[in-house]
Amino acid sequence: MIKAKINNLLIEVNDGVSILEAAKKAQIKIPTLCKHPDLPPGAGCGLCIVRIKGTPKMLRACCTPLEEGMEITTHDPEIVAVRRTVLELILSNHPNDCLQCGRNNNCELQTLVADFGIRDESFQKFLPNVAKDDSTRTIVLDAQKCIRCGRCVTVCQEMQNVWALSFLDRGFCTRISPAGDIKLADSPCIRCGQCSNHCPTGAIVELDETARVWEALQDEDKYCVVQIAPAVRVAIGEAFGYPIGTNLTKKLYALLRRLGFKAVFDTNFGADVTIMEEGSEFIQRYAHGKGTLPLITSCCPGWVDFMEKFHPDMINYFSSCKSPHEIVGVLAKTYYAQKKNIDPKKIVVVSIMPCTAKKNEIIRCEEMYASGCQDVDVALTTRELARMIKQAGIDFNNLPDEEADQMLGDYTGAGVIFGTTGGVMEAALRSAYFMLNGKNMEKIELNQIRGLEGVKVAEIQINGKKIRVAVAHGLNHVEYVLDKIRKAEKDGTEMPYHFVEVMACLGGCVGGGGQPYGVTDELRTKRAAGIYQNDENCKQRCSHENPFVQQLYKEFLGSPLGEKSEHLLHTHYRARPVYSK
Amino acid sequence: MDQKIVFIKDTGIENDRTKDYYALFLNLLRENSLEDQVQINRVADIGIYNQGLVVKIFEQDVIYANVKEEQIKEIVLKTIKEGKVIKELLFQSPPKQLRIVLRNCGEIDPENIDEYIAKDGYQALNKAVQENKPEKIIEELKKSGLRGRGGAGFPTWLKWKLTRETPEAQKYVICNADEGDPGAYMDRGVLEGDPHSVIEGLILAGFAIGANKGYFYVRAEYPLAVQRVELALAQAYDHGLLGKNILGSNFNFEIDIRLGAGAFVCGEETALIASIEGRRGTPRPRPPYPSVKGLWDKPTAINNVETLANIAPIILKGGDWYAAIGTEKSKGTKVFALTGKVKNSGLVEVPMGITLREIVYDIGGGMISSKGIKAVQTGGPSGGVIPQEYLDTPVDYENLQKLGSIMGSGGMIVMDEDDCMVDIAKFYLGFCVDESCGKCVPCRIGGYQMLALLDKITEGQGKLEDIEKLKRIALAMQKASLCALGQTAANPVVSTLKYFFAEYQDHIVDKKCRSHKCKHLLNYSIIQDKCKRCRVCLINCPVNAISGDKEQGFLVDPKICIRCGKCYEVCKFNAIAKE
Amino acid sequence: MIKLTKNDLDKIKAAHQDDGRDWIKVGMSTCGIAAGADKVYALFVEEIKKRKLDIQIKKCGCQGMCYSEPSVEVRVKGLPDVIYGKVDKEGVIKILDKHICGNTLVKDSIYELRTKR
């Protein structure tokens, strides 16, 4: 433990804690625009400077560890004056576009400028002449609004190991861009959107497609249906003042109906179907020796893109099963359309997702058009939905609870936990156990694979046999798992795992790139807790128990991995170039 | 051959009368029938300045200075003929330069390791590995008081001790040869003239801290230095001075070269490390210091070329010997690249504590023209200007800092009345703006904004409130920049504001540049009395700003004139006024 | 590869001590080469060969006298060591004719005296 004084208050913190963190203990918030709790200090903005007794310099609080006996001043007139100058310098290089900006009212720079009460522009305005890059059709890079804090670059390179974004040029001309100054769409970018989620300003935002949805909702010729992903329900409340992790599923159903959707489905239903397919796939490979182990999950489009670009040697291990919202999409335009006698061409499927990569997934290959037309028409992020709610003037907080529409709306606890790391694996194992044993596990919660550890490894006993599983999230953790598989491949030894789950974003979808801003581990944990709570409250907690799923197979699909299922619910993968130009 | 050899040179500032004196000498020698026994020689430079006629008599090793015309006869008769010394004329001044770092530069063939060995090369390494007490080397360095010559002046022994004491099996040493200050080329001189002295220093550093791998980080713009270091390394490997079991000991050490791609900021140690690792060359926060977490996260000692060239002599001659040179807090010698408006530009190595005046006048030979000295700039773009009234300040780390400049790596630029201090500040700041890595706001945007303000001022658009803005940004840069480049980039502006505020006022209030440097503030006009109507200015003006005819005379239109100065240059009658 | 020992270092040192031969040394660092030292060096080599002179021609680094490059240091027995500065082609010929062959120092070209030998 280290004892030191911050603004004359004696505080005690663990060894290695930065002054910025330590100051929170003294109820002091030191301003910063580059330090993010997820990331190592970048030391770029220069706002977090503090004074340490005995040193003439001012030091950065974000990257200076507190040391025994330090006496720190976090605020005095000179420090504040320097911070103010630095802020004004940032403003001199930032457009005054606040009103039209994707981060208006939710921008870290804007907030600080307001806090500092900056009323004039002291310095001449110099704006970089760089065009917006919306080539990915998922996230929009507006380098002119970039304050070069480096968060996105660190996220892309270190947290996600994608290396799509980097700094180009130097000095005043430094800017973020894919290496080689190419378009983001031609870069290794996997559209995970973590950059947009960590950006303090509006330099990287999701492509706003709410207008397309409004248009479809207005069109009397269209039949708009909607589905919400598991992680959305526990995050949307953050935009409306709810405690973090509050499960708002039923309010969302009500809301979506009021927005004008004719049917409100739940992606969790699709997740239950996924488990039927993927679980069966696993049993086939594991128990019947058809196909290779380990089976690797495929419901995360960021991960699929990453694998196809960087690890195509893993294609054979991949589950061919589509992701839950694609399953709901295709079923809406086939099964639902038939039952309700609606022309599938008139159906517009909107997915509300915690994810920016979903915007890309819906057009990723021909199997996404299995219904005969595009299975999911628009994927909106949680952030976009929050804006739609506000535009519609709906008093979200006081909405009554409603239920989802039947056939594609009811879900089990296994379906909802898809929204957090370890959830897909847990859900699959619940059903795999049943398929192998004929009965459910005694203890249905698999705590070994819950939580925020980067790689979680566990052994599950089924029928006296051990099933080895690995769960990784945050793409920088994936290499560890893949290398073990590759080594076993090379050495001809037994595979280290039978089943592997990967989600591209830290924490899984609860920490997705389309979720409300300001994500931290604390937030991820709370959102995940909301999801697990929802699971516990479900009457059925295993996908195979979902009566509507059972009905679906009986009436429409036949059996898992059957001909119709293969046609509608499965896809395939191919190696893609890391750089497409 | 028993000829006496006499060298003469008139070192006065006024017109050089060496030739007259030469004739006098010749006559006197002839009169005394000495012409066959004496060879008299006029030299271009005798190494003494502003001491009138200087006469050096070879063999007797006698130097006379301030010799009056009438005293020549006495010299010929007494000293040359009879071998008697004339005490009153003797010039006695200890040599101003002391060469430790440059001990072999210009002496030995840098491409031949044997010549280095012949100058006691690698004896220090031998001594170290035979004794096999690395701590003793650090102890000796502590005694010597050697401080890092790269600029900041951190005690070398402490850096080594900290690196040595970090518990880690793999450690590295790096020679920082990414010299980049404008006008500074000390390291280039050493690497090109005596690469082995630096290599030996680096091996000793490795031995002292317990590293078995070293890197030379040399800027690619020094191709000859790179070539010579490569050759020297190959020779050292060939001779078993690098590799396994060096000099029969169990010490193994290897050195590789890495080339810097031209970024000034890569001279900053954490950026340099990033660059060697193959990453973007940007500084990272310290702590952790490289001595704890450096190259590939291993403890690393980074030393500048000049620092390393000092190591072998210290080990051989002892720390006490070194500590006897210099001042109380700044020991040893410092190499400076003396440039600017000084007669003898070049590399000089002087003991710490020598005054700027001695460097400029006694070694540099004084000013190149009759224009008065205005200031000396030290420390490159991180330094400041020292006005001529402080020329008698003894040069050491602390004194220069007190004056608002820094020792820096050793650039020393002499400025005269033709140098505009606002323009100088703009030049150095412009350099830092170009070379900023762009990582942190104060340096990236602050520097750019300051430069824009200086541009405004030198273009005659400045306002007095701009001075306040300059000061405000300078403070933010000094306090909130991440690395030394940003923290010091405003120094040239701050120090010129401090000492030459009047020049800023000239530019802002009177719209005048007293040094006629800032071309936007210049006005060219034709002095009609002197003009011979030759039309040369009109023909040469690139923008046709001059009009008129032979009857009416010619005029410069200031609205068209681009202040290129062509008319001023071409006029043979000094009929163009520049003000 | 030779493995040097302390003895070898001493031997090399002894072997390289002054052998009494005359020599010419040209400063061949960047500053010198930029001012034409390589041409000066080449001309010396050529002329020494042509004239069959018994004099060594050597290279060295920068002597620090950048203002007087190319610089050439000459040692001829009986004369003091001197450094000639701003040596050009004519300078080379003058040094060879006068200093080396004629035992007379070249006027107005000496930039540094190394009076103590």
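Two strands are said to pair if DSSP finds at least two bridges between them. The exercises below apply this to a predicted model, which scores ipTM 0.93 and pTM 0.91.

**Exercise 1. Decide whether strands E3 and E4 of chain C pair, and describe how they are joined.**

Step 1. Locate the two strands in chain C, where E3 covers residues 72–75 and E4 covers residues 81–84.

Step 2. Count the bridges: three of them join E3(C) to E4(C), and the requirement is at least two bridges, so the two strands pair.

Step 3. Read the direction, which is antiparallel for E3(C) and E4(C), and pick out one of the partnerships, in which C:Val74 is matched with C:Val82 of E4(C).

Step 4. Look at the hairpin that E3(C) and E4(C) form, where five residues stand between the strands and C:Gly78 takes a positive phi near 90°.

**Exercise 2. Find which residue of E5(C) is the bridge partner of C:Val82, and state in which sense E4(C) and E5(C) pair.**

Step 1. Strand E5 of chain C spans residues 110–114, and its pairing with E4(C) is antiparallel, over four bridges.

Step 2. Within E5(C), the bridge partner of C:Val82 is C:Leu113, while C:Val82 is also the partner of C:Val74.

Step 3. Before reading such details, check the confidence of the chain: the mean pLDDT of chain C is 89, and 96% of its residues reach 70 or more. This check is made because predicted coordinates should not be read in detail where pLDDT is low.

**Exercise 3. Describe the two sides along which chain B is touched, beginning with chain C and going on to chain A.**

Step 1. For the contact between chains C and B, 40 residues of chain C meet 46 residues of chain B.

Step 2. On the chain C side, the elements that give two or more residues are helix H1 (6–15), strand E2 (56–60) and E5, and by class this side has 16 nonpolar, 15 polar and nine charged residues.

Step 3. For the contact between chains B and A, 29 residues of chain B meet 27 residues of chain A.

Step 4. On the chain B side, helices H15 (421–435), H16 (441–458) and H17 (464–480) each supply at least two residues, and H16(B) gives the largest share, with eight residues.

Step 5. Sorted by class, the side of chain B that touches chain A holds 15 nonpolar, five polar and nine charged residues.

**Exercise 4. Set out the overall build of chain B, from its domains to its secondary structure.**

Step 1. The domain assignment divides chain B into domain 1 (4–89), domain 2 (113–322), domain 3 (333–416), domain 4 (421–510) and domain 5 (522–578).

Step 2. Between the C-alpha centres of domain 2 and domain 5 of chain B there are 58 Å, and the C-alpha atoms of the chain fill a box of roughly 90 × 75 × 40 Å along the principal axes.

Step 3. Chain B has 22 helices and 17 strands, and of its 579 residues 55% are buried.

Step 4. Among the contacts in chain B with a separation of 6 or more, 70% are between residues 24 or more positions apart.

**Exercise 5. State how domain 1 and domain 2 of chain A are placed and how they touch.**

Step 1. Chain A is divided into domain 1 (2–75), domain 2 (91–206) and domain 3 (221–569), and 26 Å separate the C-alpha centres of domain 1 and domain 2.

Step 2. Their contact takes nine residues from domain 1 of chain A and 13 residues from domain 2 of chain A, and the domain 1 side divides into five nonpolar, three polar and one charged.

Methods: Residues numbered from 1 in each chain as written. Chains lettered and ligands numbered in written order. Predicted model: local features only at pLDDT ≥ 70, side-chain atom pairs only at ≥ 80, totals over all residues. Domains from an automatic or database assignment. Contact = placed C-beta atoms within 7 Å. Nonpolar A, V, L, I, M, F, W, Y, C, P; charged D, E, K, R; others polar. Buried ≥ 20, exposed ≤ 12 C-beta atoms within 10 Å, placed from the backbone. pLDDT = per-residue confidence, 0-100.
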